[in-house]
Every structure is written in structure tokens, then in C-alpha cells.
Amino acid sequence: MYVADPSLRLPPDDQPIWRYLDFAKFVALLDTSELYLARADTFVDPFEMAIPRRDVPNARAAAHATIEASRESRQGVLAYLAHHGYRTAEELGRLPDELLARELLRLSNHALYVSCWHLNDDESAAMWAVYLGGHEGVALQSTVGALRAELDAGSGDTPVVVGAVTYLDYERESWGPYRPFNPVMHKRRSFAHEQELRAVVVRPTWAELADYADHAERLPSTSGVGIPADLDLLIHKIVCSPRAPDWFVDLAASLLHRFGCDRTPVASDLYGTPAF
């Protein structure tokens with residue numbers, strides 16, 4: 001279910017958004033009819049989970065509070081850290097809480113699953129270069145409202161938050177009170193050109209860790225989660241990459257027809273011949 005969060009900046013429902021996919025990911029989307037949310041620790045940017053210098057004390061305090069909330073909560077934290085780290089729960093249990101808090105913050109990205117979109121009225125030459133590098137692929141155009149509606153319909157009881165990424169100076173600025181999804185809803189200002197909108201699932205939340213105190217085997221292990229979506233409602237337009245050969249548009253159309261998606265792809269005219 002989609003959950004509105006007042007701490008997140010949400011553009012209007014009619015704001016166009018884009019998702020740039022290589023050919024393999026495009027086929028996977030059609031095959032599964034699912035929006036794929038990748039686990040944050042699989043992202044390339046090593047600063048993806050960094051904490052602004054001013055927010056480190058509050059983040060560590062939040063981690064401490066989770067560890068100290070109850071015996072079950074502490075045992076759940078140990079189970080989570082052992083599940084995603086390299087030490088056993090018994091070894092971790094001998095560490096002081098200060099180190100456990102740091103480990104919880106370091107490995108919290110294993111509980112965040114993210115779908116990234118680009119906020120723009122038009123297709124972006126920069127995004128074609130960043131995500132496809134001149135190779136064959138597509139850009140899917142949707143809107144903020146359509147994405148929220150499909151996430152709400154397809155996620156069942158799993159909470160999903162949606163918001164625009166805030167770009168900060170991590171040396172001088174703050175993201176405010178600590179929230180579990182803060183690390184993936186904030187990035188360095190060097191990436192402001194990405195103009196990202198992100199959908200995020202937190203699984204498990206820190207509050208839920210106590211539930212795994214005696215059942216560590218139930219902790220999620222997948223590197224991504226899929227949320228079912230009606231592609232005809234989600235996708236408003238499909239644009240094939242500007243460097244793709246002519247036959248690629250026909251192939252994309254054939255695949256869409258084969259998988260029952262009622263959309264007709266078009267070739268990008270980004271590098272077409274000017275009429276003046």
C-alpha cells in the first residue's frame with residue numbers, strides 16, 4: 001500500500017517521470033509485469049548510504065534506541081547483522097552497543113528496496129548516456145500519480161513511500177530527524193542532475209527487528225522485490241534509445257504485442273536532422 005509521508009517532497013500527480021531500461025531489464029519488466037525495486041546495497045555510488053556529518057549523532061542515537069528497546073529488539077538486531085554481515089550473532093553479542101549501532105547503520109541498506117525514476121517533462125540526453133551509454137534500450141514515460149496508483153494496487157499490505165530525492169552538501173547540511181528511508185531519499189549535490197523520484201520499501205523496519213529475535217531464518221535475503229503492475233496503466237509512452245538501429249523499434253513493438261502490452265514504441269528524435 002502506498003503510504004504518504006509528510007517528510008518527503010512529492011511532485012504533482014501529473015508530473016511526467018521516466019525510467020531508462022536496457023534491453024534485458026525491459027524484457028524482464030514485460031515478462032513479470034512487476035516493478036522491480038533493487039536493494040540499496042547493490043547500487044554503484046558508495047555514498048548512497050552515507051549520513052551527513054551533522055546527522056551522525058542523531059542516526060547513532062536512533063540505532064542505540066532500537067538496540068536498547070527490549071531484549072527481543074536487541075536479539076533481532078543481532079540476527080539481522082549476522083544475516084547480512086560476516087560475524088555470528090554470538091560474536092556480535094559480545095560487542096559494545098556503540099559498535100552494534102554503527103554496524104546497524106552500515107548494513108541498514110540491506111533493508112531498503114528502491115525503484116528510481118527521472119523527473120522531467122521530456123526525455124533526457126544525460127539519462128540516455130548514464131543508463132544506456134549508447135546501447136539499445138527504452139525510456140518509459142509515466143506520471144507520479146500513475147506510479148503511486150500502481151504501487152498502491154500491487155503492494156498489498158507492504159508499505160511503500162514515494163518522494164523526490166533531496167540533494168545536499170553532506171559536509172554542511174542536514175536531512176533532519178532520522179527516518180529509515182532517509183539514506184536513499186538524499187544524495188550529494190553532485191548528482192542533482194538526476195532529478196530522481198524514488199519509490200522505497202523498508203523490509204524489515206527497525207521496529208520489526210524484534211519479530212526476528214527467535215526466527216532469523218525469516219529475514220529477507222533477496223536482492224530485490226517485485227511489485228505487480230498493470231503496464232497499460234503505468235506506461236504512457238515508450239521511447240527507443242536515440243542510438244538504437246531502426247530494427248530495434250520493430251523488435252520492441254513485437255515484444256510489447258507478444259506480452260499483451262497495448263503500447264506502440266516510438267524512436268527517439270533526440271538526434272534527428274533539424275528542420276532549420
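Which residue's side chain does aspartate 13 meet in a salt bridge? I looked this up first, keeping in mind that the model is predicted, and found that the partner is arginine 148, with 2.8 Å from N to O. I then checked where the two residues sit: aspartate 13 belongs to the segment before strand S1 (16–22), whereas arginine 148 is part of helix H7 (residues 144–154), so that the pair links distant parts of the chain, 135 residues apart. For aspartate 13 I noted a relative accessibility of 40%, and I entered the residue as partly exposed because this value falls between the 20% and 50% cut-offs.

Next entry, on arginine 74. I found this residue in a salt bridge with aspartate 97, where the closest N and O atoms are 2.9 Å apart. Because arginine 74 lies in helix H3 (residues 71–84) and aspartate 97 in helix H5 (residues 97–106), the pair ties together parts that are 23 residues apart in sequence. I looked up the accessibility of both partners: arginine 74 has a relative accessible area of 22% and is partly exposed, and aspartate 97, at 23% relative accessibility, also counts as partly exposed.

Next entry, on lysine 187. I recorded a salt bridge between the side chains of lysine 187 and glutamate 196, at 3.3 Å from N to O, and I noted that lysine 187 and glutamate 196 are both buried. Following the shared partners, I found that salt bridges join Lys187, Glu194, Glu196 and Arg198 into one network.

Last entry, on the total. I searched the whole structure and obtained 14 salt bridges, among them the aspartate 13 to arginine 148 pair with which I began.

Key
Residues are numbered from 1 along each chain as its sequence is written. This is a predicted model: local features need pLDDT of at least 70, side-chain atom pairs count only at pLDDT 80 or more; totals for chains, interfaces and linings use all residues. Side-chain values use heavy atoms; hydrogens and water are left out. A salt bridge is a side-chain nitrogen of Lys or Arg within 4 Å of a carboxyl oxygen of Asp or Glu. Helices (H or I, at least four residues) and strands (E, at least two) are DSSP runs, numbered from the N terminus. Buried means under 20% relative accessible area, exposed over 50%, partly exposed in between (1.4 Å probe, protein chains only).
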